[in-house]
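Dear colleague,

I am handing over the structure we spoke about, and it follows directly below. After it I have set out what was found, grouped by region so that you can follow it in the viewer.

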Amino acid sequence: MRANGRLRTTVPSSTIRNLGILAHVDAGKTTLTERVLFATGTIHKRGEVHTGTTVTDYDPQERDRGITIFAAAVSCTWDGHRVNLIDTPGHVDFSDEVERSLRVLDGAVAVFDAVAGVEPQSETVWRQADRHGVPRIAFVNKLDRAGADLDTAVRSLRDRLGAVPLVVQLPIGREDSFTGVVDLVAMRALHWPAGADTVVSGPVPEALREEAGRRRRLLVETVAELHAGALEEFCADNALGDATLARALRELTLSGDGVVVLCGSAYRNRGIEPLLDAVVAYLPAPSDMPPVRGTADGAEQERAPDPSEPFTALAFKVTATATGRLTYLRVYAGTLRKGATVLDAATGRTERVGRILRVQADRHEEREEAVAGDIVAVVGLKAARAGTTLCATGAPLLLEPPSVAEPVVSVAVEARVNADTGRLASALARLAEEDPSLVVRSDPETGQTVLSGLGELHLEVAVEKIRRGHGVEVVVGRPQVSYRETVVRGVTGLVHRHVKQDGGAGQFAHVVLDVEPLEGTAFEFRSTVVGGRVPQEYARAVEAGCRDALAEGPLGGFPVTGLRVTLTDGSTHSKDSSEMAFRAAGRFGLREALRLSTVELLEPVAEVTVSVPEEAVGGVLGDLAARRGRVRGSTAEAGTAVVTAVVPLAELFGYASGLRGRTRGRGVFTSRPAGLAPVPASVAAALPAG
């Protein structure tokens with residue numbers, strides 16, 4: 001119905017699906033999203049990535065580069081259900097956009113190339129979804145390509161991702177003769193005639209009946225092994241009814257014990273309708289999700305996904321547009337109405353919501369309200385950032401924010417014209433506000449402004465956004481990676497006394513510290529002091545001082561990571577001890593301990609997968625060795641060699657152009673972060689201080 005000319009769209013949360021499209025770059029995510037919008041009648045003309053006419057790749061840089069850079073939200077309707085969909089980036093440099101999206105999504109469609117199968121970034125986004133417990137279904141795309149093979153792609157899901165594939169379709173035709181699929185649940189054939197935009201359903205072709213029956217039997221047996229209810233029926237009848245099979249597939253998807261696999265060709269508009277049916281049938285609604293958990297007054301509380309609960313939402317994205325500042329929200333509980341006042345649960349500030357918008361990429365439709373389960377954008381919030389919890393003023397609840405990846409690459413930036421320095425500072429502040437994985441700081445030694453991000457392309461896009469969006473010409477320095485220092489061998493029983501007396505109240509703090517290496521965690525502090533020799537509030541001050549000391553290590557002034565500090569003893573003074581004194585003792589004590597410890601320098605490394613013609617593999621291997629790369633494996637198939645290596649990130653700057661030159665434009669590579677590795681002494685000696 002309508003109110004004041006605007007739509008009121010309150011719908012049962014059981015009919016909402018909030019999902020993301022996840023994949024490696026060029027697997028066909030954006031094309032698939034475009035075909036979904038076309039199939040649902042949301043758009044009436046199909047756009048293409050190569051012509052820059054898709055709905056979700058609306059940013060000029062996305063259209064120029066032909067890749068998704070920013071997560072874009074769209075909404076459509078299918079079979080009486082509203083599908084809120086986020087098209088996420090597939091490039092490793094923009095994985096933080098994927099992380100923030102997964103934090104607020106209920107389900108996902110993972111897209112795989114039928115030729116390449118699981119690719120490096122496919123694995124990365126899959127692991128991200130694992131961490132968030134997001135149920136997934138898989139769509140094997142590009143079955144019309146030469147070399148496409150559903151079985152090989154499914155095998156890579158099992159081998160590389162550890163997934164249990166539940167293949168519910170059988171392709172009809174191979175490669176360029178791919179025309180449809182057999183639905184193994186309903187045992188019917190679905191055809192997409194050439195030039196037609198609709199699917200035609202019919203009986204399974206005679207030539208495929210035996211193979212379809214065999215694959216249906218394999219699906220039923222796999223489901224029966226995983227699902228207790230299905231096993232009971234299977235043991236009784238030696239078969240599963242369609243309703244039982246569908247119900248078991250949904251429950252296995254929601255639990256993560258199985259992954260429903262469908263297939264098609266998004267570019268040719270084949271396989272879209274059954275994929276949408278699977279989204280509705282197998283992926284969860286907000287009402288299927290457990291209550292959201294948060295903290296209030298130091299205690300953990302829950303709120304159910306119910307419009308009658310107190311309003312609770314998480315901001316996961318902020319963008320500046322011509323119409324104003326948009327804050328994207330996932331509403332977990334309650335109802336948000338236009339003009340409402342909401343509370344920032346972390347800061348205690350209140351803000352007023354001016355407008356509520358249903359987002360279609362760069363287009364917006366105004367709404368009167370949003371309810372539990374909705375994903376919307378709001379106008380009017382000035383202080384909210386990605387990760388901010390917004391809630392009803394009388395019922396605060398602080399939700400866990402999305403994690404933010406640590407920057408690994410930095411460049412110095414400055415305005416080409418001095419008069420633009422202020423505008424550059426404003427542009428950088430807005431960039432950091434929109435993208436929390438971008439960090440802006442001032443170098444204390446050189447006075448330069450340093451922009452840090454997740455990769456070379458990430459920073460290129462950010463700088464180009466300053467040029468295009470803010471009209472500021474920028475001079476950019478050579479990229480620098482973010483080095484770290486870590487403890488190899490620590491010290492025990494280090495005694496530090498902080499005593500300061502310069503008139504009036506003095507400062508006294510006595511601490512005894514143990515420092516030891518710690519794998520898998522950046523920093524851990526614990527106190528084993530007994531007998532109240534160091535009160536708890538002073539122990540917390542020592543921890544804060546230790547964290548201060550981590551900012552600069554003893555080797556080159558780089559941040560320190562991978563250590564545990566234990567406060568084993570200490571003493572206080574009845575008048576001169578304070579939290580300030582113990583914080584100083586923690587800071588100076590840990591600095592002294594680090595100077596006495598054995599510390600080594602670490603650098604970020606990346607796992608690189610290089611695909612080149614077989615005749616060029618020798619030159620590629622030599623070049624990787626010159627870049628201090630460690631080759632992990634090499635395979636060859638159909639004239640193409642695939643080399644996997646771990647290479648220091650500092651050595652990968654400019655690698656794309658070098659590879660193209662060495663292979664006459666035929667070589668390609670992908671990379672993904674592989675953690676930190678020790679820097680050889682000869683390289684470390686030549687590095688400038690951090």
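**What was found**

Asp420 is found in the loop between strand S27 (409–415) and H10, where helices (H or I, at least four residues) and strands (E, at least two) are DSSP runs, numbered from the N terminus. Please keep in mind that this is a predicted model, in which local features need pLDDT of at least 70 and side-chain atom pairs count only at pLDDT 80 or more, while totals for chains, interfaces and linings use all residues. Residues are numbered from 1 along each chain as its sequence is written, and side-chain values use heavy atoms, with hydrogens and water left out.

Asp420 has a relative accessible area of 14% and is therefore buried (buried means under 20% relative accessible area, exposed over 50%, and partly exposed in between, with a 1.4 Å probe and protein chains only). Leaving aside residues up to four places away in sequence, Asp420 touches Ala415 and Val472, contact meaning heavy atoms within 4.5 Å.

On the other side of H10, Ser437 sits in the loop between helix H10 (421–434) and strand S28 (439–442), and with a relative accessible area of 1% Ser437 is buried. Its side chain makes a polar contact with the side chain of Asp435, at 2.5 Å; a polar contact is a pair of N or O atoms within 3.5 Å, and within protein one must be able to donate a hydrogen and the other to accept it, with residues adjacent in sequence counting only if both atoms are side-chain atoms. Not counting residues up to four places away in sequence, the residues that Ser437 touches include Asp96, Val404, Pro407 and His458.

Gln360, in strand S21 (residues 355–360), is also buried, at a relative accessible area of 15%. A polar atom of the Gln360 side chain lies 2.5 Å from the backbone nitrogen of Ser75, and Ser75 is one of the residues that Gln360 touches, together with Thr42, Val55, Ala73 and Val74, when residues up to four places away in sequence are not counted.

**Cores and helix packing**

The largest nonpolar core (a set of buried Ala, Val, Leu, Ile, Met, Phe, Trp, Tyr and Cys residues joined through side-chain atoms within 4.5 Å) has 53 residues, of which Leu32, Val109, Ile137, Val223 and Leu249 touch the most other members. Helix H9 (residues 272–282) supplies the largest share of this core, 7 residues. Apart from it lies another core, of 37 residues, among them Ala415, Val617, Leu624 and Leu652.

Helix H6 (residues 209–226) and helix H7 (residues 228–237) pack at an angle of about 120°, with their axes 6 Å apart; axes are lines fitted to C-alpha atoms, for helices over the stretch in contact, and angles run from 0 to 180 degrees between N-to-C directions. The residues making this contact include Val220 and Val223 of H6 and Leu231 and Phe234 of H7.

**Two loop residues with positive phi**

Most residues other than glycine have a negative phi. Asn238, although not a glycine, has a positive phi of about 60°; Asn238 lies in the loop between H7 and helix H8 (242–255) and counts as partly exposed, at 46% relative accessibility. Asp297, in the loop between strand S14 (292–296) and strand S15 (299–303), has a positive phi near 55° and counts as exposed, at 84% relative accessibility.

With best regards
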